[in-house]
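I opened this notebook to keep track of what I looked up, entry by entry, for someone who has not seen this structure before.

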Amino acid sequence: MGVVVDYWKLFAFLVISVHVQVLNSQNLNCNPEDLRALNDFAKGLESRINSWGKNSDCCNWVGVLCESSIKLGLNGSSVWDKKVVGLELGDRSLSGNLSDALDGFDQLRYLNLSHNSFTGMLPVKLFSLLNLEVLDLSDNHFSGSITVDINLPAITYFDVSVNYFAGAFPAGFGNCTSLQHLSLDSNNLSGNLPDDLWMLKQLNTLHIQGNSISGSLIGVANLSNLVKLDLSQNSFSHTLPNIFASLRKLEYFNAHSNFLSGFLPTSLLNSPTIQFLNLRNNSFEGSLNLNWTNMVSLRFLDLGSNQFRGPIPDSLSSCRELRFLNLARNYLNSSVPDSFKNLHALSFLSLSNTSLHKISSTLEAVQHCKNLTTLILSINFHGEEIPDANFEFKSLQALIIPNSRLTGSIPYWLSSSTKLQLLDLSWNRLVGTIPDWFSQLESLFYLDLSRNSLSGEIPIGLTQMPSLIDRNISFENPLAAPLFMKRGLSARGMQYNRILSFPPTLKLSCNMLSGQVLPEFGNLKKLHLLDLQSNHLEGPIPPELSGMESLEVLDLSHNNLSGMIPSSLTSLSFLSRFCVAYNHLFGKVPAGGQFSTFPCSSFEGNHDLQDLGCNVHPTSKSEPWESPPSGNDEEESNVAIFGPTFGVGVTAGFTVTVLICFMSGMFMPPVRQGRSCRAAIHNQ
């Protein structure tokens, strides 16, 4: 699909470039009117473009494309002339305003000013350049509304996405009968789509996501050549019209984060061409137990955060090309059908918060998905015992099953998942000891076993994990991260609810671990976060912890630690969050390094600590335990997920690679911190 999107833009640029090479051998100077227009264009820039103005032949200037043409001379004879036909000035750190100087290029066919910092409104004359074929002004700071009727009869590629345009959707596209690619996404446009938009018979790509557009979608049925349609993050409501039988070339349809409701149209479920379907974060309803057998091309399906009911349909296993499947936050109230073992291409599966049951049969089925790299089953199987069978997940990189009240112990079959990189079993009721074989998982860099009932001493194997000692942490494949964003915000002003990448982490907090803090933790030079709070650890804080040279967060609070805080910890130059509250520490708090930046709450509850310059003796001890999230948090219901980045090639192969995110929204809502040391760390 990505190949189709920019095909015409690339083709036009190559054709024009060939003409440039031909006329460079003819020793012609550029047209005087074009030279004047370029100088006027340059006056609106706040910085100079290298090579512009250094010679009189503007066709030799950076980013200027010219083409030879014939005109009549003074004596009536034919003479060759060079005209500016293109400006290729994308991603050159340019800023300033566009003036009406562009109107001086009467042969301009290609204009690319994308990925710069231009501001202000667009000149009216820009929309009446009769020869313009490619216009790309994306990713700038243009603003205002486009109120003039667009009259670009030769235009094939029109992209003004990721700007600050507001007001109604522009009118006049009906005049652009050759238009193939139209992108106005990530602006502040509102109102209904104009009727003349449905006259674009050649249109194959329509991107209008990230606005506040509403109204009827019935006219989309007229866009019979449409291949890619993205309506996501708008204000479309009511039911999705039954129009997909007319869209026989449609491969990509994205309508996530709108206000759509009702049942899925039958023509959509019968589409043999759709490869990407994302309807997440709407209010669709009805049973998912539908016939999916006709969607033979489907590779990406995201129906998460709707009001669908179960059971999970057996017929989904007919979608043999399926790579990505998200049904999270629906009421499926079923088990995973055994037929899922036929989804051999499946790489990402999220069934979080769907009232699943029978964890044993679920794992039995999905272990046969040999390409499965990400499995998310959080907030399900309440009270069931995690099975310790002979499961094999040879490709699994991320396993997330938090907040399910699972019983039993950490299963041994995980030790054979040698590609595992992220493991989250937090907020359960697991018992027993932490196994020593975690050191055998050479790729594991994120381990969260917090808020269980694990006991015994911390195994030495946790201090020998290769990925936390000397390896650069990265996934084996190029991954695109789903980004969490409040509904209604544009892409320009994203406010993320989570970090963009996971820090190397060990979270063992809120268990019943005993013994001492191992000095060997100092070997973990790549570790960023170590959380051992709310256990029964005792003894001194080892000075060897200063060996964790990448450490950013260290929480040892709510234990029975004694002795002094080692002065060696002042050498941890990246340490930004530190808490040893509610132990039995004494002596002076070390001076230097990052310690002057930590709040008094990081040290409270240690009655013999000295020289803090603040009150470290609160009247009551904070409660370290928190209630587990329910999965129905009000804040979570307003969270949408962006991504993952997805491309579908018309003839090229296809790979889904995803970085899972389970710190917020899709899997677990943000934890509301209490008045404990954790609250201090959360707010630092």
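**Entry 1: a sheet.** Working from a predicted model, I looked first at an open sheet of four strands, and I noted that its order is β15-β17-β19-β21 and that the pairing is parallel. I then looked for its edges, which are β15 (237-239) and β21 (307-309), since each of these strands pairs on one side only. From one strand to the next, the twist averages 20 degrees. As background I wrote down that strands of a sheet pair through backbone hydrogen bonds, either parallel or antiparallel.

**Entry 2: strand β17 and its neighbours.** I followed β17 in both directions across the sheet. On one side, β15 and β17 run parallel and are joined by three bridges, and in this pairing T239 has S261 of β17 as its bridge partner. On the other side, β17 (residues 259-262) runs parallel to β19 (residues 283-287), with two bridges between them. Here I found S261 once more, standing opposite S283 in β19, while G262 has F284 in β19 as its bridge partner.

Which residues of β17 lie on its covered face, and which on its uncovered one? I found L260 and G262 on the covered face, whereas F259 and S261 make up the uncovered one. I set beside this the general rule that in a regular strand the side chains alternate between the two faces of the sheet.

**Entry 3: strand β35.** I next turned to β35 (residues 560-563), where the covered face consists of L561 and G563 and the uncovered face of N560 and S562. Two bridges join β35 to β33 (residues 538-539), and these two strands run parallel; in this pairing G539 stands opposite L561. I also recorded two bridges between β35 and β37 (residues 584-588), again with the strands running parallel, and there G563 stands opposite L585 of β37. Both residues of the covered face of β35, L561 and G563, therefore came up again in my notes on bridges, L561 opposite G539 and G563 opposite L585.

**Entry 4: helix α5.** Which residues of helix α5 are buried? In α5 (residues 359-366) I listed I359, T362, L363, A365 and V366 as the buried ones. They lie on the same side of α5, because the arc they cover around the axis is only 160 degrees. The general reason for such a pattern is that an α-helix has 3.6 residues a turn, so residues three or four places apart point the same way. I then asked what covers these buried residues, and found that the cover includes β23 (348-350) and β24 (374-376).

**Entry 5: cysteines.** How many disulfides does the structure hold? I counted two. A disulfide is a covalent bond between the sulfur atoms of two cysteines.

One of them joins C30 to C58, with 2.2 Å from S to S. This pair links distant parts of the chain, as C30 sits in the loop between α2 (7-24) and α3 (32-43) and C58 in the loop between α3 and β1 (64-72), 28 residues apart. The torsion about the S-S bond of C30 and C58 is about 135 degrees, so I entered this disulfide as right-handed. I checked the burial of the pair as well, and both C30 and C58 are buried.

C59 and C66 are also joined by a disulfide, with 2.0 Å from S to S. Its torsion is -95 degrees about the S-S bond, and I entered the link of C59 and C66 as left-handed. C59 and C66 are both buried.

I looked up two further cysteines for their exposure. C369 is buried, because its relative accessible area of 3% falls under 20%. C510 is buried too, with a relative accessible area of 0%.

**Entry 6: the chain as a whole.** To finish, I stepped back to the totals. The secondary structure of the chain comes to seven helices and 39 strands, and 57% of its 684 residues count as buried. Among the contacts with a separation of 6 or more, 55% are between residues 24 or more positions apart. The chain exposes about 26700 Å², and carbon and sulfur atoms supply 49% of that area.

Definitions and conventions:
Residues are numbered from 1 along each chain as its sequence is written. This is a predicted model: local features need pLDDT of at least 70, side-chain atom pairs count only at pLDDT 80 or more; totals for chains, interfaces and linings use all residues. Side-chain values use heavy atoms; hydrogens and water are left out. Two strands pair if DSSP finds at least two bridges between them. Axes are lines fitted to C-alpha atoms, for helices over the stretch in contact, and angles run from 0 to 180 degrees between N-to-C directions. Buried means under 20% relative accessible area, exposed over 50%, partly exposed in between (1.4 Å probe, protein chains only). Contact means heavy atoms within 4.5 Å. Accessible areas come from the Shrake-Rupley method with a 1.4 Å probe; for residues, only the protein chains shown count as cover. The arc is that of the directions from the helix axis to the C-beta atoms. A disulfide is a pair of cysteine sulfur atoms within 2.5 Å.
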